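Have a look at the model below and keep it open while you read. We'll walk through it piece by piece.

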Amino acid sequence: NAPIFKRDVNRLQTVLNYAGLIWTTLREREKSESLLLSNQEIMSRSGREKLADTLSLVCNAALGLSEADWCIIYPFLPHHKPLTFDLKNIAYAGELKSSIQDVLEKKRPSAGGITMHILDTNYLLFEDAHQAEAKVGRKRIEEHAFIQREGVRAMIGMSIRDAFSGAPLGVFYINFRESRRFSKRDIGHAQSFASLAAFAIANVHRMDEQEQRRRLDAALKTAEAINLADNPQE
């Protein structure tokens, strides 16, 4: 066998580095194309399908792009104080260790909990729940019951807000059961999916408000007609 010289090893390493760079570039391009297609599909369906179905599309698209273990969106009911989860429209993709019914038991975000922290700061990420700095306030991330129950090791959480008013519409979680290094692109993708969810939720809220106004107008017109029938000389 011919000896392998150091210069040959260096050349091979250079080739491998270039191959790795090309693979990463192609992979990121594929992700960007996937995100664009997801945007187009979800925006075209929004308003024509049930909100839970649209949010499930967002979760499934995010799951595939991020290679997460599971994603979940908690929308809020409109005009409720304190904030209240819209339980019938909670959507998720991936594999939960617990039943989705366990998730649906919680009606409101806890004061001082992860959801409220995300709403206060707009987003939260941690790459390893076991790290000392992984905290919300004074409480370590890994001490939260939901994190323990689902075995969450890394996470990106994004607030979902109305693009015009900034009002909170919900919270979006991307969860991993292994530690993870997040890039700026990962965070940008999560923000894009949160924006898609905001678009879908805000659309439904606006349509609901329009329907309520139509019903109110119809009720007022009916009341006016009855009043005129009862008082024909007025």
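What follows goes from the overall layout to the cores, one helix, a few loops and the empty spaces.

First, the ground rules. This is a predicted model, so local features need pLDDT of at least 70 and side-chain atom pairs count only at pLDDT 80 or more, while totals for chains, interfaces and linings use all residues. Residues are numbered from 1 along each chain as its sequence is written, and side-chain values use heavy atoms, with hydrogens and water left out.

The protein chain has six helices and seven strands, where helices (H or I, at least four residues) and strands (E, at least two) are DSSP runs, numbered from the N terminus. Going along the sequence, they come in the pattern α-α-β-β-α-α-β-β-β-α-β-β-α. Of the 234 residues, 38% count as buried; buried means under 20% relative accessible area, exposed over 50%, and partly exposed in between (1.4 Å probe, protein chains only). Contacts (heavy atoms within 4.5 Å) are often long-range in sequence: among those in the protein chain with a separation of 6 or more, 63% are between residues 24 or more positions apart.

Now for the inside. A nonpolar core here is a set of buried Ala, Val, Leu, Ile, Met, Phe, Trp, Tyr and Cys residues joined through side-chain atoms within 4.5 Å. The largest one has 33 residues, and L55, C71, I73, I160, F172, I174 and F193 have the most contacts inside it. At least two residues each come from α2 (51-66), β1 (70-75), β2 (91-94), β6, β7 and α6 (184-230), with α6 giving the largest share, eleven residues. Apart from this core lies another, of 23 residues, among them F76, I90, I114 and Y173.

Two members of the largest core are worth clicking on. Leaving out residues up to four places away in sequence, L55 touches I73, P75, N89, A91, A197, A200 and I201. I160 sits in strand β6 and counts as buried because its relative accessibility is 0%. With the same exclusion of residues up to four places away in sequence, the residues that I160 touches include I73, F172, A194, A197 and I201. I160 and I73 are 87 residues apart along the chain, yet their C-alpha atoms are separated by 9.0 Å.

Next, helix α4 (residues 114-121), where I114, T115, I118 and L119 are buried. Why do they end up on the same side of α4? Because they cover an arc of only 140° around the axis, the arc being that of the directions from the helix axis to the C-beta atoms. The buried residues of α4 pack against β3 (123-126), β4 (135-136), α5 (145-150), β6 (154-161) and β7 (168-176).

Right after α4 comes N122, in the loop between α4 and β3. Its phi is positive, near 80°, and N122 counts as partly exposed at 39% relative accessibility. E67, in the loop between α2 and β1, has a positive phi too, near 60°. Most residues other than glycine have a negative phi, and most peptide bonds are trans. The bond from K81 to P82 is cis, with omega near 0°; P82 is in the loop between β1 and β2.

One more loop residue: E127, between β3 and β4, is buried at 18% relative accessibility. The side chain of E127 makes a polar contact with that of R181 (3.3 Å); a polar contact is a pair of N or O atoms within 3.5 Å, where within protein one must be able to donate a hydrogen and the other to accept it, and residues adjacent in sequence count only if both atoms are side-chain atoms.

Finally, the empty space. On a 1 Å grid over the protein atoms alone, a cavity is a set of points where a 1.4 Å probe fits but cannot get out, and a pocket is an open set with protein on both sides within 12 Å along at least five of seven lines; lining residues have an atom within 4 Å of a point. Grid points are joined across faces, edges and corners, and a volume is the space filled by probe spheres set on the points. The largest cavity holds about 120 Å³, and L65, S66, I174, D186 and H189 are the closest to its centre of the 13 residues that line it. The largest pocket holds about 420 Å³; of its 18 lining residues, Y74, K106, S110, T115 and F146 are the closest to its centre. α5 gives the most to the pocket lining, with four residues.
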